[in-house]
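Me: Can you walk me through this one? I'd like to start with the packing.

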Amino acid sequence: MTKEREIELILKSKENIEYFREVYEFYLPKIFGYCINRLPNRNIAEDITSKVFHDAVKQIDNYHPRDGIRFGAWLYRIAHNKIVDHIRKESKRNHTELNELIGSEEPNHEREVVVSEAQIRVANVMAKLAPRYQQVLSLRFYSELDISEIAEVMKLKENNVSVLLHRASKAFKQQFEKEYSESEISELL
């Protein structure tokens, strides 16, 4: 979706919410992907994604394209805040361990999504990284945002995003190699 089309739809959505449908359909898989990557449990990710769009519709009058922030970046900020809120609530309940967030590695008939061994390992390593590293890696590799879009979401300069992304990638690689042996890594590839 072009920036111009996005702005047109958002402005029309302020008068008639039916125009929001196209924006919703465009961003739904992207926001859901971001949420499921940060919280690899389908039910929680669906719930947070739903809350993101609910809040976006409620607050659409507060979004102004002239502020220079794309609507997608605005949605990612809402998603990030919802995820942080969820993690805080869960940590207060002492439920932040990875196995509790994504379930056991054994097949579970109650789960809707089968999480592969590689996904579990990546999620395990991601969970051990600093939150800013998790965020920048998720935005770049799961949401597939470019550097300028990540800069909008994270409220950083593009150069800072590039440096942060480099450091986060390096930290991920070091943590992955620390956690898993060479034979386990080669099995995943």
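Reply: First, a term: buried means under 20% relative accessible area, exposed is over 50%, and partly exposed sits in between (1.4 Å probe, protein chains only). This is a predicted model, so local features need pLDDT of at least 70 and side-chain atom pairs count only at pLDDT 80 or more, while totals for chains, interfaces and linings use all residues. Residues are numbered from 1 along each chain as its sequence is written, and side-chain values use heavy atoms, with hydrogens and water left out.

Me: OK. F20 and F71, buried or exposed?

Reply: F20 and F71 are both buried. For F20 the relative accessibility is 5%.

Me: How are the rings of F20 and F71 arranged?

Reply: Edge-to-face: the ring centres are 5.9 Å apart and the planes sit at 80°. The rule is that rings of Phe, Tyr and Trp (its six-membered ring) pair if their centres lie within 6.5 Å, and planes under 30 degrees apart are stacked, over 60 edge-to-face, the rest tilted.

Me: Which helices do F20 and F71 lie in?

Reply: F20 lies in helix α2 and F71 in helix α4 (residues 71-92), so this pair ties together parts 51 residues apart in sequence. Helices here are DSSP runs (H or I, at least four residues), numbered from the N terminus.

Me: How many aromatic pairs does the count come to?

Reply: The count is 9 aromatic pairs. One of them is F20 with F53, edge-to-face at 6.5 Å centre to centre, with 65° between the planes. F20 is in α2 (residues 20-38) and F53 in α3 (residues 42-58), so that pair links parts 33 residues apart in sequence. F53 is buried, at 6% relative accessible area.

Me: Which residues form the aromatic cluster?

Reply: F20, Y24, F53, Y63, F71 and W74 form one cluster.

Me: Switching to charges. How many salt bridges?

Reply: The count comes to 10 salt bridges, each being a side-chain nitrogen of Lys or Arg within 4 Å of a carboxyl oxygen of Asp or Glu.

Me: α3 caught my eye. What does R42 do with E46?

Reply: The R42 and E46 side chains form a salt bridge, 3.0 Å from N to O. R42 and E46 are 4 residues apart in α3, about one helical turn. R42 is partly exposed at 31% relative accessibility, and E46 is partly exposed at 33%.

Me: Why does a spacing like that work?

Reply: An α-helix has 3.6 residues a turn, so residues three or four places apart point the same way.

Me: And what about D47 and K51?

Reply: D47 and K51 meet in a salt bridge at 3.3 Å, N to O. Both are in α3, 4 residues apart, about one turn of the helix. D47 counts as partly exposed at 39%, and K51 is partly exposed at 39%.

Me: Now the other end. What about K173 and E177?

Reply: K173 and E177 form a salt bridge at 3.9 Å, N to O. Both sit in helix α9 (residues 158-179), 4 residues apart, about one turn. K173 is exposed at 52% relative accessible area, while E177 is partly exposed at 46%.

Me: Which residues are joined into a salt-bridge network?

Reply: R5, E8, K12 and E22 are joined into one network by salt bridges that share partners.

Me: Back to α9. What's Q175 in contact with?

Reply: Leaving aside neighbours within four places in sequence, Q175 contacts V125, K128 and L129; contact means heavy atoms within 4.5 Å. Q175 is in helix α9 and counts as buried at 14% relative accessibility.

Me: How do α8 and α9 cross?

Reply: The axes of α8 (residues 147-154) and α9 come within 9 Å and cross at roughly 100°. Axes are lines fitted to C-alpha atoms, for helices over the stretch in contact, with angles from 0 to 180 degrees between N-to-C directions. The two helices are therefore roughly perpendicular, the label for 65 to 115 degrees (under 35 is roughly parallel, over 145 roughly antiparallel, the rest oblique). Among the contact residues are I147 and M154 of α8 and V161 and L165 of α9.

Me: Last one: what's the reach of α7?

Reply: α7 (residues 131-142) has 12 residues and reaches 15 Å from first C-alpha to last, close to the expected 16 Å, which is 1.5 Å times one less than the number of residues. Its buried residues include V136, L137 and L139. After α7 comes E144, with a positive phi near 55°.
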